[in-house]
Structures are given as structure tokens and as C-alpha cells.
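Subject: Structure handover

Hello,

Here is the structure I promised to pass on. Please open it next to this message and follow along.

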Amino acid sequence: MNGINKKASMLSTSVLLILLCVLVITGIYTFINAKGTSYLSNDSTACNNCHIMNDVYHDYTNSVHARKVKGEPRATCSDCHLPHSFVSKWIAKAESGIGHAYSFTFKLDSLPTHLSATEKSKKMIQDNCVRCHIDSVGVVVNPTTKSGHTDSALQCVSCHKNVGH
């Protein structure tokens, strides 16, 4: 009986190791195929790795934010769409990456043709607009001013809908 248990244990361990190897190899292949290292940078071309972003990326490349100053764009996708503190930025990138990986793996049939910002990303975008443009915004309008048309604070995109893309 002891020999049977030992063989079953070795078989279970072997199957587990094979499955682990397959999982690691699949993960590495997916990371390479999805250009995973590009997401570790702030380069906006990484945001265009998947076809769903083609229109948005095209609009960005023709926007004032993409115009280069001293060889660098005025603002990258990360500058507008991610928090700027080190830890918060990488947490947001990880959350976004996991969400995108899940959607592109398991929800291909239901992917939207037009992306919409979540409430969390709308807040990040608003905070970044104000952070970059506080000199102008502070003079023109208080960024926390209540709009006469809604119960929420006036958002930059209320007037500047097509800025960026």
C-alpha cells in the first residue's frame, strides 16, 4: 500500500509540475506576444498595441498633447490617464493590465467598439488636467466650482470634450 501511495504522490507531483510549466510558458508567450515590456514605459505607442485603440491613438497623435517639445511629447497617455505618484501609478497600471488581459482573453465577443472612461479614470484624468493646467485653470475657473447644469463639480471635459483624443 505504501508503494501505491508513493507512486500516486509522484504522479500527482509530476502532473502539477507539468501544469505549472505549461502555465509559465503560456504566460511568457502571452507577455511577449502582447508586447508586455512596452507597458513598463510611459511611451504612448504601448497604448496602441491592440487594434481597439487605433482611432483613439490616431486622434492623440494629431492633438496638441502629442506635439513634441525638445523631442518629447507635451503629454503622454500616462500623463493624462494615470496617477503621478509612483505607487499609485503602478497599481493603476497593474489593475488596467489585468482588466485588459482578462477582457481580451475571455470577453472578445463583447469588447466595446468605443471605450469609455470609468468613474475612477475620470477622476484621474480630471486631477491630471488640473495638475498640468493649474496656472490657467486657477485664473479662468476654480476647478471645484459647481456647474449650473449638474450636481457634480465642473469637469475639464465638460467644455474640452475632444482634447487629447
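Is Cys77 buried or exposed? Cys77 is buried, because its relative accessibility is 16% and the cut-off for buried is under 20%. I come back to this cysteine below.

One caution before the rest. This is a predicted model. The mean pLDDT of the chain is 83. A value of 70 or more is reached by 89% of the residues. Among the elements, α3 has the highest mean pLDDT, at 93. Helix α6, residues 156-159, has the lowest, at 84. Keep one general rule in mind: where pLDDT is low, the predicted coordinates should not be read in detail.

The overall picture

The chain has 165 residues, and 17% of them are buried. It contains 6 helices and 2 strands. Walk along the sequence and you meet α-α-β-β-α-α-α-α. The chain exposes about 12,700 Å². Carbon and sulfur atoms supply 64% of that area. Now take the contacts with a separation of 6 or more. Residues 24 or more positions apart account for 51% of them.

The cysteines

How many disulfides does the count give? The count comes to 0. As a reminder, a disulfide is a covalent bond between the sulfur atoms of two cysteines. Why does Cys77 not form one? Its closest cysteine sulfur is in Cys47, and 3.7 Å is too far for a bond. The cut-off here is within 2.5 Å. Cys80 misses out as well, because its closest cysteine sulfur, in Cys129, is 6.3 Å away. Cys80 is partly exposed, with a relative accessibility of 26%.

Ser78 and Pro83

Ser78 sits in helix α3. It is buried, because its relative accessibility is 10%. Which residues does Ser78 touch, if those up to four places away in sequence are not counted? They are Asn42, His84 and Lys93. With Asn42 there is also a polar contact between the side chains, at 3.4 Å.

Next, look at the loop between α3 (77-81) and α4 (86-106). Pro83 is found there. Leave aside its neighbours within four places in sequence. Pro83 is then in contact with Ser88, Lys89, Ala92 and Met124. Lys93, already met as a contact of Ser78, is 10 residues from Pro83 in sequence. In space, the two C-alpha atoms of Pro83 and Lys93 are 9.4 Å apart.

The aromatic pairs

The count comes to 3 aromatic pairs. One of them joins Phe86 and Trp90. Their ring centres are 6.5 Å apart, and the planes make an angle of 55°. That pair is tilted. Both residues are in helix α4, 4 residues apart, so about one helical turn separates them. Phe86 is exposed, because its relative accessible area is 64%. Trp90 is partly exposed, because its relative accessibility is 31%.

Another pair is made by Tyr102 and Phe106. This pair is tilted too, at 5.1 Å centre to centre and 45° between the planes. Tyr102 and Phe106 are also 4 residues apart in helix α4, so about one helical turn lies between them. Are Tyr102 and Phe106 buried or exposed? Tyr102 is partly exposed, because its relative accessibility is 45%. Phe106 is exposed, because its value is 61%.

A backbone detail

Finally, find the loop between β1 (68-69) and β2 (72-73). Lys70 lies in it. What is phi of Lys70? It is near 55°, a positive value in a residue other than glycine. Lys70 is exposed, because its relative accessibility is 83%.

That is the handover.

Best wishes

Notes: Residues numbered from 1 in each chain as written. Predicted model: local features only at pLDDT ≥ 70, side-chain atom pairs only at ≥ 80, totals over all residues. Heavy atoms only, no water. Buried < 20%, exposed > 50% of the residue type's maximum accessible area, 1.4 Å probe, protein only. Contact = heavy atoms within 4.5 Å. Areas by Shrake-Rupley, 256 points an atom, 1.4 Å probe, with all protein chains shown as cover. Polar contact = N/O pair within 3.5 Å; in protein donor to acceptor, adjacent residues only side chain to side chain. Phe/Tyr/Trp six-rings, centres within 6.5 Å; stacked < 30°, edge-to-face > 60°. pLDDT = per-residue confidence, 0-100.
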